[in-house]
Number of protein chains: 2
Amino acid sequence: MQRRLKVKLQYDGSAYHGWQIQRSGATIQGLLQEAIYRITGERVSVSGAGRTDAGVHAIEQVASFASSSGLDGVTLKRGLNAVLPRDVRVIDLHDTDGDFHPRYDAVKKRYVYLIANMEVVPVFMERYVWRIRSPLDGERMNVAAGFLRGSHDFSAFRGTGCGARNPVREVYRLEIEHRDEAAFLFARFSGNVMLFTIEADGFLRHMVRNIVGTLAEVGKGRIEPEEIRKILESRERRLAGPTAPAKGLFLDQVIYRL
Amino acid sequence: MQRRLKVKLQYDGSAYHGWQIQRSGATIQGLLQEAIYRITGERVSVSGAGRTDAGVHAIEQVASFASSSGLDGVTLKRGLNAVLPRDVRVIDLHDTDGDFHPRYDAVKKRYVYLIANMEVVPVFMERYVWRIRSPLDGERMNVAAGFLRGSHDFSAFRGTGCGARNPVREVYRLEIEHRDEAAFLFARFSGNVMLFTIEADGFLRHMVRNIVGTLAEVGKGRIEPEEIRKILESRERRLAGPTAPAKGLFLDQVIYRL
């Protein structure tokens with residue numbers, strides 16, 4: 001009998017070519033499909049909630065696939081983790097509705113982005129932050145972020161090759177927190193860290209990274225906070241700032257209707 | 001004019017064959033000597049405070065070398081960091097006494113070791129912990145640790161190939177802290193983490209890893225806490241537990257007389 005499984009995945013994207021299967025290079029989707037084949041013998045097609053780019057991490061990505069396997073969830077989860085590489089983990093797996101789709105059923109997604117405004121980044125953070133040496137003015141960045149909250153046409157923050165028909169997205173939350181230190185397991189490293197949290201009903205291609213890259217320009221004094229409104233209205237990608245590097249970005253949570 | 005430089009290094013040892021130059025494979029000492037050559041044009045010999053094994057990390061390793069370079073400390077530090085790989089950083093560099101030796105002048109060293117007593121380890125911690133699935137009894141481990149504090153002949157915890165003439169070391173501190181969650185930058189992951197801190201006037205080869213491996217056996221119930229005293233007295237390596245994996249170990253600090 002066919003059943004549908006919902007999987008929560010966590011990964012360090014450093015070594016991978018993103019979520020989606022490519023002609024060459026290891027991808028998370030590809031690794032998961034291969035792991036499912038090794039454990040169940042089935043060639044399945046896995047859908048994901050968000051197509052994370054190469055180098056982007058996930059605290060919690062959601063995926064789904066149909067299976068005829070009779071294995072219980074605990075065994076399947078253990079089996080997949082036994083064959084997946086160490087930097088990709090199944091953190092949750094259970095049966096779900098037959099018509100569940102991780103992308104279409106998602107009502108919100110939350111991403112997190114880390115900037116380390118430091119001279120030397122602790123090695124244990126290096127894979128997970130965008131290091132910016134020049135001082136960033138957080139107050140200016142906060143003012144600029146205010147113009148991006150709410151429902152807007154985000155064409156100016158849309159990467160080339162974005163397949164979305166409708167460029168309007170609603171940003172429910174866009175916050176920048178400042179920390180004087182970064183926690184790493186048992187150690188604390190002093191230095192200015194900026195944590196961006198952005199939650200929306202959906203994201204255009206590179207939208208988070210283009211927003212962060214543009215806010216960094218505001219922080220450096222190269223773009224005035226009030227210009228953000230004009231940039232949004234222009235719908236012109238070339239007026240916004242550069243795309244922030246992938247490695248500072250984490251898919252944090254995919255939110256479904258209860 | 002010759003001067004002597006003291007360097008503090010931080011590294012993620014995952015990709016390296018340890019501190020000391022080997023016939024094959026990249027080492028931290030080798031990378032640093034190569035970086036110094038690229039920046040100053042000098043072929044120097046770098047001494048380190050501790051010969052960390054392959055896969056062992058350092059929050060703060062201390063090294064030293066003689067140089068005729070006229071570059072100031074800030075420029076030299078920046079230059080070295082520009083050519084070193086991202087997982088090896090010079091975090092401090094300054095001129096010191098001509099006769100300073102990072103190993104002989106050290107009065108104490110502190111190591112830290114992490115055990116994740118979890119079913120699934122968050123991917124962002126995986127390179128830095130020893131994952132043990134079976135439950136560990138922390139109280140038993142604490143009792144056992146008590147027998148290791150103080151001055152003892154640590155031959156039973158000494159790895160093969162150890163070159164030290166005197167196997168007596170004084171352990172000033174050996175603590176096991178329990179945490180219900182692990183902090184990683186902005187995220188917290190629930191689960192039982194054990195943090196070992198061990199400070200001594202010096203360490204035999206694999207001494208920390210053999211102590212942790214033996215205490216884990218005590219935690220699993222395979223060795224009685226009181227047996228630790230007998231194991232110490234026996235001076236027999238085969239009576240102690242297995243060597244804990246390198247990846248959970250961090251050289252935390254090298255302490256010098258003021």
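This is a short conversation about how some features of a predicted model are named.

Trainee: Why is A:Cys162 called buried?

Mentor: Buried means under 20% relative accessible area. A:Cys162 has a relative accessible area of 16%, so the word applies. B:Cys162 also has a value of 16%, and therefore it is buried by that cut-off.

Trainee: How many disulfides does the structure hold?

Mentor: Over all chains, the structure holds zero disulfides. To be counted, a pair of cysteine sulfur atoms must lie within 2.5 Å.

Trainee: What makes you say that the buried residues of helix 5 of chain B are on the same side?

Mentor: Helix 5 covers residues 227–234 of chain B, and its buried residues are B:Ile228, B:Ile231 and B:Leu232. They cover an arc of only 100 degrees around the axis, so they sit on the same side of the helix. B:Lys230 and B:Glu233, on the other side, are exposed.

Trainee: What do the buried residues of helix 5 of chain B pack against?

Mentor: Their partners in chain B are helix 3 (138–146), strand 7 (150–153) and helix 4 (207–220). Following helix 5 comes B:Arg235, with a positive phi near 60 degrees.

Trainee: How do you know that the relation of chain B to chain A is that of a two-fold axis?

Mentor: A turn of 180 degrees with a shift of 0.0 Å along the axis lays chain B on chain A, with an RMSD of 0.0 Å. That is why we speak of a two-fold axis. The same surface serves both copies, as 100% of the contact residues of chain B recur in chain A.

Trainee: Which residue of chain B comes closest to the rotation axis?

Mentor: That is B:Phe184, whose C-alpha is at 2.4 Å.

How values were computed:
Residues are numbered from 1 along each chain as its sequence is written. Chains are lettered from A and ligands numbered from 1 in the order in which they are written. This is a predicted model: local features need pLDDT of at least 70, side-chain atom pairs count only at pLDDT 80 or more; totals for chains, interfaces and linings use all residues. Side-chain values use heavy atoms; hydrogens and water are left out. Buried means under 20% relative accessible area, exposed over 50%, partly exposed in between (1.4 Å probe, protein chains only). Helices (H or I, at least four residues) and strands (E, at least two) are DSSP runs, numbered from the N terminus. The arc is that of the directions from the helix axis to the C-beta atoms. Contact means heavy atoms within 4.5 Å. Copies are superposed by least squares on the C-alpha atoms of residues with pLDDT of at least 70 in both.
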